[in-house]
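Reader: Hi! I've got this one open on my screen and would love to talk it through with you. Shall we start with the strands?

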Protein chains: 2
Amino acid sequence: MDPAVAGALACRTPLTAPALGDAEAAALAAVLKALADPNRIKILHRLASAAPDGVCVCDLTEPLGIAQPSVSHHLGVLRRAGLVERRREASFAYYSPVPGALDRLASLLGTGA
Amino acid sequence: MDPAVAGALACRTPLTAPALGDAEAAALAAVLKALADPNRIKILHRLASAAPDGVCVCDLTEPLGIAQPSVSHHLGVLRRAGLVERRREASFAYYSPVPGALDRLASLLGTGA
DNA sequence: CGTCGATATCGATGGGTGTCGATGCGGTGA
DNA sequence: TCACCGCATCGACACCCATCGATATCGACG
């Protein structure tokens with residue numbers, strides 16, 4: 001189609017802002033996907049509200065009602081997304097939320113990104 | 001196990017706040033899952049930045065590089081999640097972001113939910 | 001040094017989802 | 001009236017993911 005004509009059709013939108021790049025969109029989607037699970041939300045909520053120095057895996061398994069490998073899996077997802085961090089001590093693993101990780105995400109959403 | 005003993009084991013956490021309910025976690029996860037896709041993020045960003053009165057589907061198909069049925073699918077997901085709304089006019093469909101939808105989500109994340 | 005307990009990883013499995021082409025449904029204009 | 005156009009839905013396909021049991025790893029402890 002003739003481009004000069006294409007711009008004059010009935011259905012067009014001005015496009016005032018530059019389109020979001022593939023990389024930014026993918027990065028944002030990756031973090032959101034890590035959060036988009038009920039069990040991971042519960043985990044993060046518990047980490048954020050209950051532990052200044054971390055929560056060990058064994059204290060997450062029972063209240064979540066899922067098996068221990070599943071809990072480890074979810075914690076790994078959150079950790080790879082940069083939302084929680086792990087502190088190993090003896091044979092225990094204490095997880096705690098990364099300060100500001102959710103704040104950055106919240107501000108991104110708030111600014112209409 | 002004896003509860004009086006369970007509280008005294010090595011691996012315990014105080015649990016200062018009530019656990020997040022299944023319903024809240026599922027609802028939050030549903031909204032986040034609707035956002036957890038690069039194409040949907042691009043769509044929402046474009047809707048938020050380019051259109052006071054809505055963007056029609058045909059203007060989203062080409063810049064996203066995906067077929068029209070896929071665009072309709074993503075718009076449907078966003079609409080069912082309460083993030084965008086549709087205004088039909090003639091044979092066109094104009095989509096626009098729901099005001100405050102992202103703000104509420106951002107505040108939920110910011111308050112550590 | 002052997003056992004046990006806490007976590008992580010592996011392999012399998014069932015369900016969910018993004019993508020597409022084909023098709024249906026209204027509304028427009030010739 | 002009829003062809004065309006924009007959009008939604010359908011059916012199929014491939015792929016990802018949450019979950020589990022089984023197993024490996026690693027440190028503590030007797």
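Reader: Which residue in β3(A) is the bridge partner of A:V84?

Author: A:V84 has A:P97 of β3(A) as its bridge partner. Bear in mind as we go that this is a predicted model.

Reader: Thanks! How many bridges join β2(A) to β3(A), and do they run parallel or antiparallel?

Author: β2(A) and β3(A) run antiparallel, with 6 bridges joining them.

Reader: And what is the strand order in the sheet of chain A?

Author: The order is β1-β3-β2, in an open sheet of 3 strands with antiparallel pairing. β1 (55–56) and β2 of chain A each have a single partner strand and stand at the edges, so one side of each has no neighbour in the sheet.

Reader: Remind me, what do strands of a sheet pair through?

Author: Backbone hydrogen bonds, and the pairing can be parallel or antiparallel.

Reader: OK, over to chain B. How many bridges do β2 and β3(B) pair over?

Author: Strand β2 (residues 84–89) of chain B pairs with β3(B) over 6 bridges, in the antiparallel sense. In that pairing B:E85 stands opposite B:S96 of β3(B). β1 (residues 55–56) of chain B also pairs with β3 (residues 92–97) of chain B, antiparallel and over 2 bridges. There, B:V55 has B:Y95 in β3(B) as its bridge partner.

Reader: Which residue takes a positive phi in the hairpin of β2(B) and β3(B)?

Author: That is B:A90, with a phi near 55°, in a hairpin that has 2 residues between the strands.

Reader: Nice. Can you zoom out for me: how many helices and strands are there in chain A?

Author: Chain A has 6 helices and 3 strands. Reading from the N terminus, the elements go α-α-α-β-α-α-β-β-α. Of its 113 residues, 41% are buried. The chain exposes about 6,000 Å², and 57% of that comes from carbon and sulfur atoms.

Reader: Now the DNA! Which residues come nearest to DNA strand C?

Author: A:S72, A:Y95, B:A67, B:S70 and B:H74 come nearest, out of 23 residues around DNA strand C. On the DNA side, 73% of the strand C atoms that come within 4 Å of the protein belong to sugar and phosphate.

Reader: What touches the phosphates of that strand, backbone or side chain?

Author: There are examples of both. A polar backbone atom of B:A67 is 2.8 Å from a phosphate oxygen of DNA strand C, and a polar backbone atom of A:V57 is 3.4 Å from one. For a side chain, take B:R40, with a polar atom 2.9 Å from a phosphate oxygen of DNA strand C. The elements that give two or more residues to the surface near this strand are α5 (68–80), β2 (84–89) and β3 (92–97) of chain A, along with α3 (38–50) and α5 (68–80) of chain B.

Reader: Which element gives the most to the surface near DNA strand C?

Author: That would be α5(B), with 4 residues. By class, the surface near DNA strand C has 11 nonpolar, 7 polar and 5 charged residues.

Reader: And DNA strand D, which residues come nearest there?

Author: Of 21 residues around DNA strand D, the nearest are A:N39, A:R40, A:H74, B:S72 and B:Y95. Sugar and phosphate make up 74% of the strand D atoms that come within 4 Å of the protein. A:N39 has a polar side-chain atom 2.6 Å from a phosphate oxygen of DNA strand D. B:R86 has a polar side-chain atom 3.0 Å from a phosphate oxygen of that strand, and for A:A67 a polar backbone atom is 2.8 Å from one.

Reader: Which element gives the most to the surface near DNA strand D?

Author: α5(A) does, with 4 residues. The classes near DNA strand D come to 11 nonpolar, 7 polar and 3 charged.

Reader: Last topic, I promise: is A:K42 buried or exposed?

Author: A:K42 is buried, because its relative accessible area is 14%, where the cut-off for buried is under 20%. The residue is found in helix α3 of chain A.

Reader: Which side chain does A:K42 make a polar contact with?

Author: With that of B:D22, at 2.4 Å. Leaving aside residues up to four places away in sequence, A:K42 touches A:L64, B:L20, B:G21, B:D22 and B:A25.

Reader: Great, thanks for the chat!

Methods
Residues numbered from 1 in each chain as written. Chains lettered and ligands numbered in written order. Predicted model: local features only at pLDDT ≥ 70, side-chain atom pairs only at ≥ 80, totals over all residues. Heavy atoms only, no water. Near = heavy atom within 4 Å. Polar contact = N/O pair within 3.5 Å; in protein donor to acceptor, adjacent residues only side chain to side chain. Nonpolar A, V, L, I, M, F, W, Y, C, P; charged D, E, K, R; others polar. Buried < 20%, exposed > 50% of the residue type's maximum accessible area, 1.4 Å probe, protein only. Areas by Shrake-Rupley, 256 points an atom, 1.4 Å probe, with all protein chains shown as cover. Pairing = 2+ DSSP bridges. Contact = heavy atoms within 4.5 Å.
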